Amino acid sequence: MIRKIIDLTLHAGRMDAEHALALADFFSHRSDVLDRASLAVREGGSPTDPADDELPREMMRLMEAACEIRARRSGDIIRYSPKVFIPLTRLCRDVCHYCTFAKSPSKLQAPYLSLEEVIDIARRGAQAGCTEALFTLGDRPELRYRAAREALAKMGFASTIDYLVHAARRVHEESGLLPHVNPGLMNDDELVRLREVCVSAGLMLESTSMRLCEKGGPHYGSPDKDPARRLDVLERAGRIALPFTTGILIGIGETRIERIESLLAIRDIDDQYHHIQEVIVQNFRAKAGTPMATAPEPSLADHLWTIAMARLVFGPRISVQAPPNLRLGSLHRLLAAGLDDWGGVSPLTPDHVNPERAWPHLSTLEGITEAAGHSLVPRLGLHPEYVQEGDRWIAAGLRRAVSAHSDGEGFGRESLWYAGSARHPPPAFPAPGIAARRSKELDEILFRSEAGQALDEDDIVALFAVRGGQVKALCEAADRRRRRRCGDEVGYVVNRNINYTNICTFKCRFCAFSKGAPGTSSRGVPYDLDLNEIARRTREAWERGATEICLQGGIHPGYDGETYLAICRAVKEAAPDVHIHAFSPLEIWQGARSSDLDLPQYLGSLRKAGLGSLPGTAAEVLDDEVRERICPDKIRTAQWFEVMRIAHRIGLRTTATIMFGHLDRYRHWARHLIGLRGLAARSGGFTEFVPLPFVHEQSPLYLRGEARRGPTLREAVLMHAVARLVLDPHIVNIQASWVKLGPEGMRLALAAGANDAGGTLMNESITKAAGADFGQEMPPERMESIILGAGRIPVQRTTLYRRAPAKRRERSFSAPALSEPIPTPSGSHRSHESAEPRIRSQAGRCAG
């Protein structure tokens, strides 16, 4: 019977109600099976305890099936939420017979935490890296205690939930944490108000058994534990799309059939609204001083059976969770039963409901999870499936914070690091003690890559999604490929960036550099360098050992094709031997359009004027689904590739970039890399690929609450590693941007497939305008020190990856300080057209 039911369940994706109740009945009448299981899985032991092999076949089949269903949910990922517990009040009108959380007013210093105390806990949690503020409190204590009513009235609130709404809002405003609330029963009005200030809410069902509410039962005298009333709250939350947590408490007198009935009742409600994020299977722990102090606790085998059944009942849609501090010696066994979430774990506050059970240290939890073949991944109080559908599930006032705390899959950020910032140096990565580990899927992908097969979109998405020990394995594979292809040398070029104007008529929604058309800017002083200043900066750079001048700027309404030609001529007159690396595909497209030339003709004229190569900027993410949202009036993906294809055809080499980590997803990154690989394989014209992590701080897209806080450190490093495997051998050089990553981040990228450190820059305005702490200059002495510190060999190179001439290298060291740049005020030397460029509407004219 069990084998047939399991086969049907695996085929359907979840167990139907009749089969679940039949298995509960079977195990209820076969106590010998769980008795033998209890002997086999003793509390504690090691992850490789051979006693596991002695589990009864029936239990093993259930647990194996549960693990197979779990893998369909999120592969090898095990989730947890880094959070702080805020016990707003420990007063409660209920008298659950197992509870030590609830206290009488005489045993408390104050009926409620003050708002100052609440905010202090939240701020300390944010500093410790938490993202969730879990409000734990008793159920409507004002209905029982005068002290609660008086305290609320003194603070100006009519009810505990009124105070909770206010406290949750202030916590979010003051700390940035995302509130999750567990206030007990809630009516419609309360649910609606709480949805505006919290990302999720919770209410443990515990059990649907009314027996437990009768005299002598654990819920006797607790009116809020009526199962029908609690199920009603779950349904009301679903109607308003409030993501919800619930669960069952096992071992308090319920039968196994009643457990399954409880799980099925939860499932029936979720089938209507799909708002149940997670179901907790919590084991009763007897506590001294309670009426149930001597009651027997559920065995580990009983707990494993219930977890496995919960996974089979809910299928892959809902997380199944068990608190790790309540089975601290047996976490590997809980994983083997199909659990996929550890729930909230706090580095700061105790479990106020089970204060005698300390949280495991995160490093311990990660080690156990990794040893069991899984990756421990932080999530928010909102699970990633809900983050990715934020318009439906998240109140408008909370969406910006959710995005800021999220990574590209909707999980939480692993650290406080973000691109461009020196305030939070990258932590050790991957975490110390985490061994390289390959799942079957990763092993197969890496095998195909090593065999020279082109990885497809799904393969690349899977590579970006690896976590934990698999990140280490992937980075090691990329680094081996780099060593075979490029050796241990790390190149860098002595160059100067000249951003000749910050005036731009395009409306890129991420850009903090552009100042708009003359006279329209409210974000700083617009400038437009004259040719004399461009020449002066060029001469100065040449005297300081530069071999390259990199030129880029906004699309000025007064620029035409001749403007870019004049810039090239001015640079060459100032330093005839310098290499001009200039003009993104957007500028090329605009120059050709305004000159009434096709692309080959215009690129040819630029080459004659001295242009040596093109930067592959303006790419952002080469997927029009993303471009439509972040740069709707910019050239499309096909137009970007068309400029590059023609440049390569006429002999101009180019770089390629990606600006990632805003509102894009891993699939967009995969399409970007596949597009680059396709052109590179045909033309061989790309010199390097440069990942550019999104710098968020001053970006309008972020400030409007529409973007993430740039890529996580894991994502930033993986972009280099995945690019090495996907683009090899067609794009040989993978560059690490010290401007975006900082020196420490650059070292991490150099250990993950990168072989180039980019330019020394001398000046850089675009990233600085976005809020980065880096970007002005990385002198050769410092650059080589960083490269040597990474165990690699520094090589000063030219733009086209030849070794820099000895005299140029010699001059670049101990160069004199730069003189103060002289910005030319807007409108001082060029006439400006009033019409904005119509890039997309003129596409036919520019194609060639």
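**Reading a predicted model: cores, sheets and a loop**

Colleague: Leaving aside neighbours within four places in sequence, which residues is Phe583 in contact with?

Modeller: In this predicted model, Phe583 touches Tyr500, Leu551, Gln552, Tyr564, Ile567, Cys568, Ile588, Leu606, Leu611, Leu614 and Pro615, once neighbours within four places in sequence are left aside.

Colleague: How should I read a list like that, and which residues touch the most other members of the largest nonpolar core?

Modeller: The general idea first: in soluble globular proteins, nonpolar side chains tend to be buried together. Here the largest nonpolar core has 125 residues, and Leu551, Phe583, Trp640 and Phe689 are the ones that touch the most other members. Helix 28 (residues 713-727) gives this core its largest share, eleven residues. There is also a second, separate core of 100 residues, with Leu185, Leu203, Leu263 and Phe314 among them.

Colleague: Let me step back to the whole chain. How many helices and strands are there in the protein?

Modeller: The protein has 33 helices and 19 strands. Its radius of gyration is 31 Å, close to the 29 Å that the globule rule gives for 848 residues, so the protein is as compact as a globular protein of that length. The C-alpha trace spans about 95 × 65 × 50 Å along its principal axes. As for cover, 62% of the 848 residues count as buried. The protein exposes about 30800 Å², and carbon and sulfur atoms supply 51% of that area.

Colleague: Among contacts between residues at least 6 apart in sequence, what share joins residues at least 24 apart?

Modeller: That share is 78%.

Colleague: On to the sheets. What is the strand order in the open sheet of seven strands?

Modeller: In general, strands of a sheet pair through backbone hydrogen bonds, either parallel or antiparallel. In this case the order is 11-12-13-14-15-16-17, and the pairing is parallel. Strand 11 (495-499) and strand 17 (733-734) are at the edges with a single partner strand each, so one side of each has no neighbour in the sheet. At the strand 17 end, two bridges pair strand 16 (residues 686-693) with strand 17 in the parallel sense, and Glu688 is opposite Asn733 in strand 17.

Colleague: Which strands do helix 25 and helix 28 touch where they pack on this sheet?

Modeller: Helix 25 (residues 637-649) touches strand 14 (611-614), strand 15 (653-660) and strand 16, and its direction makes about 160 degrees with that of strand 15. Helix 28 touches strand 15, strand 16 and strand 17, at about 155 degrees to the direction of strand 16.

Colleague: Now strand 12: why is this strand described as largely enclosed by the rest of the structure?

Modeller: Count its buried residues, taking buried as under 20% relative accessible area. Five of the five residues of strand 12 (residues 548-552) are buried, so the strand is largely enclosed by the rest of the structure. Glu548, Cys550 and Gln552 point one way, Ile549 and Leu551 point the other way, and all are buried. Strand 12 pairs with strand 11 over five parallel bridges and with strand 13 (residues 579-582) over four parallel bridges. Look for Cys550 in both pairings: Cys550 is the bridge partner of Asn497, and His581 in strand 13 is the bridge partner of Cys550.

Colleague: And in the three-strand sheet, what is the order?

Modeller: That open sheet runs 18-10-19 with parallel pairing. Strand 18 (756-759) and strand 19 (793-797) are the edge strands, each with a single partner strand, so one side of each is left without a neighbour in the sheet. From one strand to the next the twist averages 20 degrees. Five bridges join strand 10 (residues 489-493) to strand 19, and Gly491 sits opposite Val795 in strand 19.

Colleague: Which residues of helix 18 are buried, and what covers them?

Modeller: Six of the eight residues of helix 18 (residues 457-464) are buried: Asp459, Ile460, Val461, Ala462, Leu463 and Phe464. Their cover includes helix 17, helix 19 (469-486), helix 26 (666-683) and helix 28.

Colleague: Last one: where does Pro427 lie?

Modeller: Pro427 is in the loop between helix 16 (399-405) and helix 17 (440-450). Pro427 is partly exposed, at 38% relative accessible area. Not counting residues up to four places away in sequence, Pro427 touches Ser415 and Leu713.

Notes
Residues are numbered from 1 along each chain as its sequence is written. This is a predicted model: local features need pLDDT of at least 70, side-chain atom pairs count only at pLDDT 80 or more; totals for chains, interfaces and linings use all residues. Side-chain values use heavy atoms; hydrogens and water are left out. Two strands pair if DSSP finds at least two bridges between them. Axes are lines fitted to C-alpha atoms, for helices over the stretch in contact, and angles run from 0 to 180 degrees between N-to-C directions. Buried means under 20% relative accessible area, exposed over 50%, partly exposed in between (1.4 Å probe, protein chains only). Contact means heavy atoms within 4.5 Å. The radius of gyration is taken over C-alpha atoms; the globule rule is 2.2 Å times the number of residues to the power 0.38. Accessible areas come from the Shrake-Rupley method with a 1.4 Å probe; for residues, only the protein chains shown count as cover. A nonpolar core is a set of buried Ala, Val, Leu, Ile, Met, Phe, Trp, Tyr and Cys residues joined through side-chain atoms within 4.5 Å.
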